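Colleague: Could you take me closely through the ligand site, and set what surrounds the ligand beside what the UniProt record annotates?

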Amino acid sequence: AIQRTFSIIKPDATERNLTGAVNAVIEKAGLRIIGQRRIQMTRAQAERFYDVHKERPFFGELVDFMTSGPVVVQVLEGENAVKAYRDVMGATNPADAEEGTIRKLYAKSIGENSVHGSDSEENAAIEIRQFFSEADIAG
Ligand code: CMP
């Protein structure tokens, strides 16, 4: 079925001017970028977004990183978009990522791993809602 998923191009990628390179991999995978905005996340936004990880030892580092520079938040649409995007992102740790995936190509480390993608359709809807209104999405 046609689904939407939520994506973030993270500060390590925007800093290296890789927005277009990441988008090329996304589009080549058959996903359509139907919403996109470049923002500087506030600590409050990052803490809310990563609330499920707040007890993890890396939470502070994660919030510091996600607020260290601009990010590009995106809504992606396509056939089975949640899984399709996770497949093209590759494993969280770039050392484990498959050839040709965004993280294998571009990620620096498990923390500075270039992209985020929703892990379920339910979370995708929640994450999209945090950053987009329907008026800023056009499929
Ligand atoms: P993301 O998909 O954005 O969701 C949670 C993030 O936590 C994950 O990508 C990683 O970038 C980050 N993360 C996971 N494990 C670690 C770790 N051990 N150290 C630092 N960051 C981590």
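Modeller: By class, the shell around the ligand in this predicted model is made up of four nonpolar, five polar and three charged residues. The residues that form this shell are K10, Y50, H53, F58, E61, L62, T92, R103, I110, G111, N113 and H116, and the ligand they surround sits in the largest pocket.

Several polar contacts can be described individually, beginning with the side chain of Y50, in which an N or O atom is 2.6 Å from an oxygen atom of the ligand. For N113, a polar side-chain atom lies 3.2 Å from an oxygen atom of the ligand, whereas in G111 it is a backbone N or O atom that lies 3.3 Å from a ligand oxygen atom. Taken alone, the ligand exposes 460 Å², and 80% of that area is buried by the protein.

Turning to the record, an unreviewed UniProt entry carries the annotation "binding site" for K10, F58, R86, T92, R103 and N113, and the lining of the largest pocket includes K10, F58, R86, T92, R103 and N113 from that annotation. Of these, R86 lies in helix α5, which spans residues 81–89, while K10, F58, T92, R103 and N113 are among the residues around the ligand.

As for the wider setting, the unreviewed UniProt entry also gives the annotation "domain: Nucleoside diphosphate kinase-like", covering residues 2–139. Over residues 2–139 the chain is 40% helix and 20% strand, with the end C-alpha atoms 11 Å apart.

Notes
Residues numbered from 1 in each chain as written. Predicted model: local features only at pLDDT ≥ 70, side-chain atom pairs only at ≥ 80, totals over all residues. Heavy atoms only, no water. Near = heavy atom within 4 Å. Polar contact = N/O pair within 3.5 Å; in protein donor to acceptor, adjacent residues only side chain to side chain. Areas by Shrake-Rupley, 256 points an atom, 1.4 Å probe, with all protein chains shown as cover. 1 Å grid on protein atoms, 1.4 Å probe; cavity = no way out; pocket = protein on both sides within 12 Å on 5 of 7 lines; lining within 4 Å. Sits in = over half its atoms within 2 Å of the grid points. Nonpolar A, V, L, I, M, F, W, Y, C, P; charged D, E, K, R; others polar. UniProt positions renumbered as here; feature names shortened; annotations may be inferred. Helix = DSSP H or I, 4+ residues; strand = E, 2+ residues; numbered from the N terminus.
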